[in-house]
Amino acid sequence: IPKDIALVPIQNQFRNSIDLSGIWKFKVDSLNEGIQKEWYNGVTECRQIAVPGSWNEQYTDLRDYLNWCWYEKDFYIPASWQGEDIYIRINDATYFAKVWVNGKAVGQHEGCHVPFAFKLNEYLQWGKENKISIQVENIQSPSRVPTGAVEGSSFGNYPNANYDFFPYSGLNRNVVLYSLPAKGHIKDITVRPDINNTTGILNVEVEKNGSIQSGKVIVKGHGQQIAKDIRFSNHYATTSIQIPEAKLWSPDSPNLYEVEVVLEEKGANVDKYSLKTGVRIVSVDEKHIYLNGEEIFLNGFGKHIDFPVIGRGTADPVMVKDFELMKWTGANSFRTTHYPYDEGFYDMADQHGFMVIAETPSVGLIMGGDSLQLAERQRVCKQYLHEVIYRDKNHPSVIMWCVANEPNDKAQLGMAGPTSKATKERAYSLFKEHFDLTKELDPTRLVIYVGPMMGPRYWFELTDVIAINRYWGWYTSPGSIENGSSVLSSELDRLHRKHKKPCMVTEFGCDTYAGMHAEEPEMFTEEYQVDFIKAYLDVAESKDYVVGMHIWNFADFKTSQSIIRLGGYNLKGVFTRERKPKMAAHYLRERWFNNKGNK
Ligand code: GCB
């Protein structure tokens with residue numbers, strides 16, 4: 001799993017980047033004949049498509065199309081880049097992509113919503129136009145993650161994704177050409193913060209390419225500048241920077257420091273990379289999560305990247321608006337449900353003091369069934385953990401990794417009845433590998449998975465926090481919020497008694513048709529949503545071991561079609577898909593923002 005994605009491409013005096021966003025050529029390849037017909041040399045009779053964006057929203061006839069498509073773009077490399085190492089970074093090709101440059105195969109990648117990069121030097125031509133061709137498909141399959149087309153799946157939806165959001169496909173994020181100094185460059189920077197009384201400590205590890213042996217790490221911010229020399233052995237160098245009277249990062253004061261790394265040769269700088277991070281530590285005991293030794297409570301949402309016309313595409317105005325609205329409600333946290341978001345989200349969270357539970361794309365995972373498929377899924381899950389942690393490890397906002405949302409140990413997702421002992425044992429040890437790998441790649445953060453209603457409980461042994469998604473009073477005992485919240489209350493007590501870990505409800509909510517009302521709360525009305533949320537928050541408040549409540553969902557979002565998804569939407573948003581508040585958003589603002597009855 002190449003580490004080339006560890007550092008986001010930047011522009012400075014040693015590095016260059018060109019964003020290839022814009023209109024690309026686009027051609028559907030439903031017979032998968034493009035390779036045989038050599039479409040990598042150029043497509044004809046094609047359409048146009050905007051990148052970033054999902055093809056399912058841009059073309060009426062492609063709404064449910066998940067098969068092969070071709071993207072193509074011509075580009076120039078500036079003459080000044082000659083002699084440099086030149087890469088391409090594709091930030092999201094959902095789900096499987098093959099890449100050619102000037103008709104030559106460069107590489108391929110499996111997986112959604114994570115970046116991948118290839119070195120291009122041997123494929124490029126100078127003083128001429130170059131052509132990049134990307135063949136992408138998003139075919140739903142049980143051996144993929146997230147899973148799709150599972151026989152007997154409880155979803156019964158169209159398209160047949162095994163998860164409750166629309167399988168938006170294609171180049172959902174931007175594609176970036178970038179150059180790095182060929183003489184040697186910084187490949188990765190890992191900053192691990194610590195605190196000793198009032199001194200902040202940043203433990204920095206730098207990985208580099210090339211023969212350069214020395215450099216510097218400089219930490220800047222809040223009127224201080226501290227520099228240390230580094231020397232590499234076997235491409236790695238480590239140092240520890242002490243910041244006296246450090247300004248810690250927290251939701252109330254999201255203080256950041258700049259960490260600048262330079263490579264030097266004979267007194268001259270050869271490469272430089274700067275990133276922003278914060279000094280903060282996260283810990284946990286039987287009842288609480290602590291940030292810098294202080295108890296914290298996570299108020300917030302599960303979200304989606306989802307907007308009309310743009311689909312799952314990156315859209316900075318929507319991102320900025322979402323942060324504005326989350327702040328308006330008084331939230332201090334969100335989970336990147338059900339996949340990693342665009343890097344901009346984590347930068348914004350760092351700056352605005354949001355605590356993030358960073359989730360991998362492992363949603364609706366089936367930890368049982370056919371061994372070959374299971375082995376394939378396991379491989380992809382591990383790849384995701386590397387990719388996500390390489391990319392997002394330096395964000396102070398990320399306080400927890402979530403390795404999977406609602407995994408199950410059945411052979412099929414909707415399968416009823418008990419799981420055999422052997423299947424359980426296999427599922428336990430396979431899933432433990434996800435936790436072990438996460439802790440190995442990053443021992444500084446908490447690790448959770450999110451458990452479904454009526455799902456296996458033995459995996460809770462592996463987590464730092466018991467995280468559950470609950471819809472009692474919605475999917476069960478419909479219409480009775482009272483029943484629902486009392487089931488939640490006793491279940492939370494049981495879980496805490498058994499596992500002696502803090503608990504969090506990572507999802508709870510109900511579908512609400514904006515503008516539908518009733519005198520007494522009735523399902524689908526705005527009144528029901530307010531009362532439901534209130535009842536769950538009250539339960540949480542009565543228990544000293546509950547550490548967070550994330551409402552499902554921040555906004556309404558598109559799903560596959562099914563009888564429980566009116567118009568093809570999950571309507572559990574407290575904002576509509578267009579970001580208008582429902583009554584519940586006002587209620588949360590009262591409760592969270594004005595800090596009434598808030599922990
Ligand atoms: C869940 C899933 C989420 C769904 C939600 C629902 O537990 O994690 O993806 O959208 O339930 O609304 O049913």
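**Exercise 1. Find how strand E7 is joined to strand E10, and place the pair in its sheet.**

Step 1. Start with the pair itself: strand E7 (residues 96–101) and strand E10 (residues 130–137) run antiparallel and are joined by six bridges. Keep in mind as you work that this is a predicted model.

Step 2. Pick one bridge to look at. Phe-96 has Glu-137 in E10 as its bridge partner.

Step 3. Now widen the view to the sheet. Six strands make up an open sheet with antiparallel pairing, and their order is E3-E2-E4-E10-E7-E8.

Step 4. Look for the strands that pair on one side only: these edge strands are E3 (47–51) and E8 (104–110). From one strand to the next, the twist averages 30 degrees.

**Exercise 2. Work out the order of the four-stranded open sheet, and name its edge strands.**

Step 1. Follow the pairing across the sheet. The order is E16-E15-E18-E19, and the pairing is antiparallel.

Step 2. Check the two ends. Strand E16 (224–231) and strand E19 (268–277) each pair on one side only, which makes them the edge strands. Here the twist averages 20 degrees from one strand to the next.

Step 3. Zoom in on one pairing. Strand E15 (residues 214–221) pairs with E16 in the antiparallel sense over eight bridges. Within it, Ile-218 is found opposite Ala-227 in E16.

**Exercise 3. Describe how helix H2 packs against helix H3.**

Step 1. Recall what you need. Two packed helices are described by the angle between their axes and the distance between the axes.

Step 2. Apply this to H2 (residues 316–329) and H3 (residues 343–352): the angle is about 35 degrees and the axes are 11 Å apart. The crossing of H2 and H3 is right-handed.

Step 3. List the residues that meet. H2 brings Asp-316, Met-319, Phe-323 and Lys-327, while H3 brings Gly-344, Phe-345, Met-348 and His-352.

Step 4. Sort the residues of this H2 and H3 contact by class: four are nonpolar, two polar and two charged.

**Exercise 4. Do the same for helix H7 and helix H8.**

Step 1. Take the geometry. The axes of H7 (residues 526–541) and H8 (residues 583–593) come within 8 Å, crossing at roughly 30 degrees. The crossing is right-handed.

Step 2. Turn to the residues. From H7 come Glu-526, Gln-529, Val-530, Ile-533, Lys-534 and Leu-537, and they meet Met-583, Ala-584, Tyr-587 and Arg-591 in H8.

Step 3. Sort them again: the contact of H7 with H8 has six nonpolar residues, one polar and three charged.

**Exercise 5. State how the chain is divided into domains, and describe the contact between them.**

Step 1. Mark the bounds: domain 1 covers 21–173 and domain 2 covers 292–593. Their C-alpha centres lie 29 Å apart.

Step 2. Count the residues in contact. Domain 1 contributes 36 residues, and domain 2 contributes 38.

Step 3. Classify the side of domain 1 that touches domain 2: 16 residues are nonpolar, 14 polar and six charged.

**Exercise 6. Which residues lie around the ligand, and how do they divide by class?**

Step 1. Collect the shell: Asp-164, His-338, Asn-405, Glu-406, Pro-452, Asn-469, Glu-507, Trp-552, Asn-570 and Lys-572 are the residues around the ligand.

Step 2. Group them. The shell divides into two nonpolar, four polar and four charged residues.

Notes: Residues numbered from 1 in each chain as written. Predicted model: local features only at pLDDT ≥ 70, side-chain atom pairs only at ≥ 80, totals over all residues. Near = placed C-beta within 6 Å. Nonpolar A, V, L, I, M, F, W, Y, C, P; charged D, E, K, R; others polar. Axes fitted to C-alpha atoms, helices over the stretch in contact; angles between N-to-C directions. Helix = DSSP H or I, 4+ residues; strand = E, 2+ residues; numbered from the N terminus. Left-handed = near helix turned anticlockwise from the far one by under 90°. Contact = placed C-beta atoms within 7 Å. Domains from an automatic or database assignment. Pairing = 2+ DSSP bridges.
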